[in-house]
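Reader: I am new to protein models and would like to know what stands behind the words used for them. Could you take me through one, setting each term against its definition?

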Amino acid sequence: MACRCGGYYYTLNAKASFDRDSMKTRKVVLRNVSVIRMFTNGFFRSKWRSVSGNRRILSMDAREKSRSTILESSKDKRVPIFVMMPLDAFSLDASGSPRIRKIKALTISLKALKLAGVHGIGVEVWWGIVERFSPFDYNWSLYAELFKLISDSGLKLHVALSFHSSNGKGGVSLPLWILEIGDVNKDIYYRDQHGFSKDDYLTLGVDQVPLLSGRTALQCYEDFMVSFVNKFESFIGSVIEEISIGLGPSGELRYPAHPFGDGRWKFPGIGEFQCYDKYMMEDLKMAACREGKPQWGDGGPQNAGCYNSLPSGVPFFEEGQESFLSDYGRFFLEWYSGRLICHADAILAKAAKILKKFQENEQTSVMLVAKIGGIYWWYQTVSHPAELTAGYYNTALRDGYDAIVSVLSRHGAALHIPCLEMMDSETPPTYLCSPEGLLKQIQSISKKTIINLIGRNTTERLDKTGLWKIHSNCYNPQAEVVRSFTYFRMNDSIFRVENWNNFVPFVRLMSTDL
């Protein structure tokens, strides 16, 4: 019970402070939900463990150092707030060179956020801007100007190295020379069962294939990270405090199973498996042959529905003989999720090596960060179909996030978790959503594994209820205090009077020792 550990007393006093600062009082009712028990080892896990392979990376000394760092940071109850830059903060001039839009207005906004108590700014550093025109032709001028502007405002930086594209207003594509290669060979992108591909992120199937002007995708990512560190070495550890490494669509470690904005998928569809580019298919065939079942390498499940299917009536996500519980189902899901974990392992290993010299010096220490998606719909079903298509082999019978957290822990990386503002009671009950259950599961694993957590919101919330939910999740007495929180994102809404009067007390409460 919360009252036995003192959590109830703390929560009441924290909320009272929040209400006083905002000069309004509103009763906030939060609902605790029970979730399906997770079997960490799973009923079927051991038989198929070899499909994706496992590699040990760091020594026990490194693990103990990570444990010490986190336990020490948990004593500090302050949660620094980073506010993410708007997506349309940049534009291209007539020559194709990037520039900062509305720089005077941005400067005023940065100063206002600093006065409100915001700790830093989150900035996406786009591969498609920096290495836009040709391989190895890195243009860091935009970010040099922006980083100086932010630093001069007294703010710190969370940098997100972004190897994906962005949609909508102010969207950024992949580098133009990558798009030219993709025009000839669309298999450098993920494909669905219909053969449809989208140029938002390179398939992990080309991680080790030298198709990109003589380089593999991993080499491209590594060269970009090296160039970034060489350019901004003087900022790292002093101004740049966190560096997030993009691992998939939207920078998240996942497959693009739920493509937004192109008409294929809409909430709450279960999504589709994304393994049909020729490079992933070749890998699947080899994995199937190793298992002595070459027929399993012909493709993904043929009975898994389509993007907008609901779980009911889709055989693969039920409990029959041809479901996710079958021998083939377990084999495929282990391979599919395992390739994603190996992708993260390879990139984070390179990032950790590049940043090692900064980690060895306490004055320049910087936090390595990796993001996962928040796939919370159909979470209360047995099969968790939307998570399975995204690459998270997480069901009522198997913990799918434990292996991901273990990889991050081995590389000393923090886990960037979503949904901190969401409540089960605000989601449609028909779709068996549970953002609270998902968050609780991830927090439980991270506490067991000893890993830093960084929080973020999935939807924009500037009302007191949403902001209070963020605060209570950041200071959950049953989990580690999150290291920092990234608010998505800076826009005109934050600065409206009614929202600013909620946001400022929230920031100050999060920044206060409690």
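Author: Let us begin where helix α13 ends: the residue that follows this helix is Ile-450, and its phi is positive, near 65°. This is a predicted model, in which local features need pLDDT of at least 70 and side-chain atom pairs count only at pLDDT 80 or more, while totals for chains, interfaces and linings use all residues. Residues are numbered from 1 along each chain as its sequence is written, and side-chain values use heavy atoms, with hydrogens and water left out.

Reader: What makes α13 a helix, and how does its span agree with what is expected?

Author: A helix is a DSSP run of H or I with at least four residues, a strand is a run of E with at least two, and both are numbered from the N terminus. The expected span is 1.5 Å times one less than the number of residues; for the 15 residues of α13 this gives 21 Å, and because the end C-alpha atoms are 21 Å apart, the two values agree. By the DSSP rule, the chain comes to 15 helices and 13 strands.

Reader: Why is Ile-178 called buried, and why is Gly-154 called partly exposed?

Author: Buried means under 20% relative accessible area, exposed means over 50%, and partly exposed lies in between, with a 1.4 Å probe and protein chains only. Ile-178, which sits in helix α7 (residues 176-184), has a relative accessible area of 0% and is therefore buried. Gly-154, in the loop between α6 (141-152) and β5 (156-162), has 35% relative accessibility, so it counts as partly exposed. In α13, 11 of the 15 residues are buried, including Leu-438, Ile-442 and Ile-445.

Reader: How many disulfides does the structure hold, and are Cys-342 and Cys-474 buried or exposed?

Author: A disulfide is a pair of cysteine sulfur atoms within 2.5 Å, and the structure holds zero of them. Cys-342 is buried at 17%, and Cys-474 is buried at 0%.

Reader: What makes β11 a partner of β10 and of β12?

Author: Two strands pair if DSSP finds at least two bridges between them. Strand β10 (residues 367-372) and β11 have three, in the parallel sense, and Lys-371 has His-416 as its bridge partner in β11. β11 and strand β12 (residues 453-456) also pair in the parallel sense over three bridges, with Ile-417 opposite Gly-455.

Reader: Why is the unit made by β11, α13 and β12 called right-handed?

Author: A crossover is right-handed if, with the strands pointing away from the viewer, the path from the first strand over the helix to the second runs clockwise. The β-α-β unit of β11, helix α13 (residues 435-449) and β12 is of this right-handed kind.

Reader: What is meant by the largest nonpolar core, and how many residues has it?

Author: A nonpolar core is a set of buried Ala, Val, Leu, Ile, Met, Phe, Trp, Tyr and Cys residues joined through side-chain atoms within 4.5 Å. The largest one has 146 residues, and among those with the most contacts inside it are Phe-147 and Ile-240. Helix α10 (residues 327-359) gives the largest share of this core, 16 residues.

Reader: Which residues does Ile-240 touch?

Author: Contact means heavy atoms within 4.5 Å. Leaving out residues up to four places away in sequence, Ile-240 touches Phe-147, Leu-157, Val-159, Phe-228, Phe-232, Phe-235 and Val-366.
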